[in-house]
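Visitor: I should like to examine one part of this model closely, after a brief orientation to the whole. Please keep to what can be computed from the atoms.

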Amino acid sequence: MTAYIRLKFRQTWDSTSFRLMLNYGLLAFFSILLLLAFIFLQVIGTLHSQASQQATASMSRLEGEFYIGGREGLVQAINMTISDQIDGRHEIYLLLDEKGKKLAGNLEHRPTLTETNKTEVPLILYGQPTTARLLETTLPDQSILLTGIDLDSMNDTIRKIGQACLATVFIAFLLVMIGVHMFRKELDYRVGSIRKTAFKISQGHLSSRIPLSSTKDEFYFLSSEINSMLDKIESLMTGIRHVSDTIAHNLRTPLTRILNQLRTVQNPQSNEADLRAVIKRSIHEIESLNKLFEKLLHLSEIESGIHRQRFWQCDLAEITANVVDMYDAYAEEKNLRLTFHSNGQAWVWGDADLLASMLSQLIENAIKHAKHLISVTVTVSEKHIQLQVSDDGPGIPADEYVNIGQHFHQLNPDSSGYGLGMASVRAILALHDGKLGFADNQPGLIVNIHLPVFKDSTGKSQ
């Protein structure tokens with residue numbers, strides 16, 4: 001039993017949420033304790049100050065009565081004050097003549113006052129023991145006047161305030177502990193949902209997501225960001241599986257052909273010409289595979305962001321003009337008209353070689369499918385640069401727009417190539433914080449690219 005309790009205590013203490021809430025609870029509790037102690041001391045000081053002021057006021061008033069009406073007037077004033085049932089019950093008076101004989105007052109005997117006890121003097125008042133704050137003075141006729149305030153009611157008030165403070169401290173301690181428990185439960189619940197989702201992900205359930213609360217607090221935004229990250233990871237994992245399966249398929253087919261060709265020349269009847277033909281076809285297949293791997297490595301470098309180290313301010317209009325000029329003769333050979341238009345310099349922050357490679361891929365695709373005309377335009381606005389490549393070819397179905405740029409995706413499976421051209425375009429745009437869109441040219445396809453305008457350190461567009 002002791003070992004179990006020790007284990008549970010250790011598990012509880014090792015919990016970050018418990019220690020965090022405990023520290024917060026202790027801070028709140030001691031803050032309340034200090035505040036109550038300050039209030040209690042201020043109340044005591046105020047009550048004692050009021051008692052002292054009341055005793056001093058009574059002394060001053062009676063001294064005034066003496067100077068006005070003499071000893072007889074003072075006796076009459078004391079008797080009238082004592083007969084008042086409102087103030088007389090808590091005020092103490094004693095007037096003695098020069099021989100020490102009592103002349104008036106509600107105190108029977110003169111107490112001995114010193115510097116240490118005059119603030120709280122024990123005495124008998126109306127037959128009951130009590131404590132009082134007293135002042136003593138000798139009048140001009142050598143009579144002695146004592147005035148004071150009964151402190152029992154004040155001490156009773158102080159005791160009640162002290163008890164209330166203790167009760168408040170106890171209640172505050174309970175509330176803080178309840179709050180610590182509730183906060184810990186809430187924190188454990190919110191963190192627990194993240195832990196459960198992380199455990200499911202580690203078990204291979206990549207579709208698991210953290211449930212979002214109805215309240216948009218810090219945990220809501222944290223869970224939302226983690227879910228977005230998990231969406232990206234799942235998308236990447238799906239892409240990796242797709243790429244891996246596609247690579248395996250693209251490798252198996254040519255490797256199978258190479259293997260079958262080599263087996264055909266294994267028999268002794270094969271002559272030298274057959275052997276050379278098989279070697280030639282095998283070399284062609286291997287070179288094709290080598291090109292595939294080169295494209296994949298290049299695409300991987302782009303997606304990893306290595307090329308960001310070569311970023312500089314580039315004029316996209318100039319890059320586009322150079323690429324269009326390079327493909328102009330090739331387009332003429334295909335009996336196509338390739339046009340270019342720009343409304344001015346288009347400064348972007350990026351890699352000029354990658355941007356030129358992206359444009360080359362788009363123009364090659366347009367040349368491959370266009371019938372008569374290919375149009376390339378660069379439009380510069382305050383915040384964005386729009387690059388548009390359009391053709392008048394057969395176009396692409398709208399439901400295929402989302403698939404363009406996926407690794408190894410081809411609209412026509414029987415066409416040559418590996419379907420990595422538009423994948424590289426998407427990767428280059430992602431590296432440059434650009435966006436890719438498609439529209440129907442009726443007939444043909446419009447490729448829309450948006451890139452952010454490069455701004456200098458002052459925030460002005462170049």
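Visitor: What does the accessible surface of the chain come to, and what percentage of it belongs to carbon and sulfur atoms? After that, please look closely at Arg-71: which residues does its side chain meet in salt bridges?

Guide: The model is predicted, and every value below is computed from it. The accessible surface of the chain comes to about 28,900 Å², and carbon and sulfur atoms account for 57% of that area. Of the 462 residues in the chain, 35% are buried. The secondary structure consists of eight helices and twelve strands. Among contacts between residues at least 6 apart in sequence, 62% join residues at least 24 apart.

Turning to the part you ask about, Arg-71 forms salt bridges with Glu-98 and Asp-141. Side chains of opposite charge can pair when their charged atoms come close. In the pair with Glu-98, the closest N and O atoms are 3.0 Å apart. Arg-71 belongs to helix α2 (residues 16-83), while Glu-98 sits in the loop between β1 (91-96) and β2 (102-105), so this salt bridge ties together parts that are 27 residues apart in sequence. Glu-98 has a relative accessibility of 48% and therefore counts as partly exposed.

The second partner gives an N to O distance of 3.0 Å, here between Arg-71 and Asp-141. This pair also links distant parts of the chain, since Arg-71 is in helix α2 and Asp-141 is in the loop between β4 (128-138) and β5 (144-150), 70 residues apart. Asp-141 is partly exposed, because its relative accessible area is 24%, and partly exposed residues lie between the limits of 20% and 50%. Arg-71 falls in that class as well, with 27% relative accessibility. Taken together, Arg-71, Glu-98 and Asp-141 are linked in a network of salt bridges.

The structure holds seven salt bridges, and one of them offers a local counterpart to this network. Lys-160 and Asp-156 pair at 3.5 Å, N to O. Both lie in helix α3, four residues apart, so about one helical turn separates them. Lys-160 is exposed, with a relative accessible area of 52%, whereas Asp-156, at 29%, is partly exposed.

Helix α3 itself runs over residues 152-202 and contains 51 residues. From its first C-alpha to its last it reaches 73 Å, close to the 75 Å expected at 1.5 Å a residue. Gly-204 follows α3 and has a positive phi, near 105 degrees.

Helices α2 and α3 also share an aromatic link. The whole structure contains five aromatic pairs. One of these is formed by Phe-29 and Phe-173, an edge-to-face arrangement with 5.4 Å centre to centre and 75 degrees between the planes. The pair joins distant parts of the chain, with Phe-29 in helix α2 and Phe-173 in helix α3, 144 residues apart. Phe-29 is buried, at 14% relative accessible area, whereas Phe-173, at 36%, is partly exposed. Another edge-to-face pair consists of Tyr-220 and Phe-221, with 5.4 Å centre to centre and 90 degrees between the planes. Here Tyr-220 is buried, with a relative accessible area of 17%, and Phe-221 is partly exposed at 49%. Phe-29, Phe-30 and Phe-173 make up one aromatic cluster.

The nonpolar packing completes the context. The largest nonpolar core has 42 residues, and Leu-316, Met-358 and Ile-449 have the most contacts inside it. Elements giving two or more residues to this core are α6 (316-333), α7 (352-369), β9 (373-380), β10 (384-391), α8 (421-431), β11 (435-440) and β12 (445-452). The greatest contribution to this core comes from α7, with eight residues. Leaving aside neighbours within four places in sequence, Leu-316 is in contact with Ala-346, Val-348, Leu-355, Leu-359, Ile-385, Leu-387 and Leu-451. Apart from this largest core lies another, of 13 residues, which includes Leu-74, Ala-77, Ile-78 and Leu-95.

To return to your request, Arg-71 in helix α2 meets a residue of the loop between β1 and β2 and the side chain of Asp-141, and the three residues Arg-71, Glu-98 and Asp-141 are joined in a network of salt bridges.

Definitions and conventions. Residues numbered from 1 in each chain as written. Predicted model: local features only at pLDDT ≥ 70, side-chain atom pairs only at ≥ 80, totals over all residues. Heavy atoms only, no water. Buried < 20%, exposed > 50% of the residue type's maximum accessible area, 1.4 Å probe, protein only. Contact = heavy atoms within 4.5 Å. Areas by Shrake-Rupley, 256 points an atom, 1.4 Å probe, with all protein chains shown as cover. Expected span 1.5 Å × (residues − 1). Core = buried A, V, L, I, M, F, W, Y, C linked by side-chain atoms within 4.5 Å. Salt bridge = Lys/Arg side-chain N within 4 Å of Asp/Glu carboxyl O. Phe/Tyr/Trp six-rings, centres within 6.5 Å; stacked < 30°, edge-to-face > 60°.
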